[in-house]
Amino acid sequence: MLTTTIIFSFFLSYSCLTIYQQSHYCKKEYYIYFLKNIIYYNLIPLVLFIIIYFTKGIIFYFLIIILWLYSLSFIFFRIKLKFTPRIIRLIFIYLIYFFILSLVPYINILLFQFINLLSLPALLIDSMISKRINKKYINIAKTKLDNYKNEVIGITGSFGKSSVKKIYYDVLSEYTNVVIPPKSFNTPLGIASFLEKTNLNLYSKLILEYGVSKKNDMDELLRLKKPNVAIITEIGPMHLKNFKTIDNILKEKMKIIKDANIIIANFENEYLRNYNYGNKIVLSYGFNYGRYKAINITDNSFDLYDNDKFIIKIELKLNGIHQILNTLAVLSYLLFFNYDINIAKNKLLLIEGEKNRLEVKKTKNGVILDDSYNSNPLGFKNALALLKNQKGKKVLLTPGIVELGHLKKDIHKKLIPYIVDSCDCIILIGILEQLYLYQELKKYNKEVYLVRNFNEGMKIYKKITKNICSALLIENDVTDIYLRRLIF
């Protein structure tokens, strides 16, 4: 039994580390996941252990093998564990913790079976060590940024930050030396790790993404560096589980403008349009509102206006109407500071979208619209509009939108008309999470499937579109932490 328990706890510990990493080392999210999945990880194995304890002969060994195979399923995640320095340190902490638990008489085997729920001491030790290490890196980064006297452009918003950052970098690089952090390095530690290997003196402009997911996040980022130019892309229902209301999101995000000289804001967003900016210089943009507008939009082109004055016709390689808004954020800056807009026009013809953000992938019988890195209502609608214009059977594969808090049902309900209008078939991921959306969509006599995970959804897609022209929209591909582990 001891050997079996060690093997079981090894696989369970792998799950612990994977989920802890996916939760961004947040102990609360870690425990929410394992408590939601306590039947899968703990109660079913416990029943098997009890049965094995009272069993003898060939049945005993058969049940042992069943338990080993069951525990082996603990390591299968959509997003694999990355063996970062922190995870390697955690592994050593776990080993020490295991040794201590093994010394507990009588119940040590039972403790190993619940290591996922009893790992708080190990996680607390890791948090204390990481906090000290991170503080050192952040202080070094702050010193670097304090000594950097050139322009800093800060981008925040509920969504669209990474896309705007990339367009800014691609376009401004045609005029001067610009540097940005890779991917979504938008936390103090992420920015610090980027600056560790970056010589800022080589660049005349630094573009930073200010990611905010809970109260006071912006304060930490601004202590690191206050931007000269502040860009706000959107305000919407993201991270509502933490913020509770959109007004709280607005309040937190708009802290970025306090010390900025120039503010660039998307006035298509009503929260930004109606916000009181005081005496700040605001470069507003949009389709119907703002100083800089995109008018006469056709597919991926539009006419750029400064108030009522026509400036230039812009064509994009980027897909989706939301990318026109993202481009306007950059063009507003260029026009205000009198850059040669023709250089930007030529560059915009070459810029492709980011991977997994409404990325168009051609297949043998159609296309896949990979929007798996998006998770917001506006992006969802724009992706559906693009799907609607595709040829063949139109299929949506999605787990819906996460972190919507108490507004989850209302927001998904508002998406239903767009889904019904754009799709022939809908594959929903999450047996319990998307049951409401499944039931609502069935009322429209649509072909709807409810699956446990992404892989199961892809199998259904391939089956129903075999040898026919089709278009698949993958809208949001959530990490394992948002899904329930169900039995095989």
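Which residues does N186 touch, not counting residues up to four places away in sequence? In this predicted model, N186 touches K161, E209, Y210, G211 and L221 when residues up to four places away in sequence are not counted. The points below take up the surroundings of N186 and then turn to a sheet of six strands.

**N186 and its surroundings**

- N186 lies in a loop, with β2 (178-179) on one side of that loop and α9 (188-195) on the other.
- Because buried means under 20% relative accessible area, N186, at 14% relative accessibility, counts as buried.
- Among the residues that N186 touches is E209, and the side chains of N186 and E209 are joined by a polar contact of 3.0 Å.

**The six-stranded sheet**

- The sheet is open and follows the order β10-β11-β15-β12-β13-β14, with mixed pairing among its six strands.
- The edges are taken by β10 (359-363) and β14 (447-451), each of which has a single partner strand, so one side of each is left without a neighbour in the sheet.
- On average, neighbouring strands of this sheet are turned by 15 degrees against each other, with direction ignored.

**The edge strand β10 and its partner**

- Strand β10 is joined by five bridges to β11 (residues 366-371), and the two strands run antiparallel.
- Within this pairing, K361 stands opposite I368 in β11.

**A helix across the other edge**

- Helix α18 (residues 435-442) lies across both β13 (425-429) and β14, and with respect to β14 the helix runs at about 165 degrees.

Methods
Residues numbered from 1 in each chain as written. Predicted model: local features only at pLDDT ≥ 70, side-chain atom pairs only at ≥ 80, totals over all residues. Heavy atoms only, no water. Pairing = 2+ DSSP bridges. Helix = DSSP H or I, 4+ residues; strand = E, 2+ residues; numbered from the N terminus. Axes fitted to C-alpha atoms, helices over the stretch in contact; angles between N-to-C directions. Contact = heavy atoms within 4.5 Å. Buried < 20%, exposed > 50% of the residue type's maximum accessible area, 1.4 Å probe, protein only. Polar contact = N/O pair within 3.5 Å; in protein donor to acceptor, adjacent residues only side chain to side chain.
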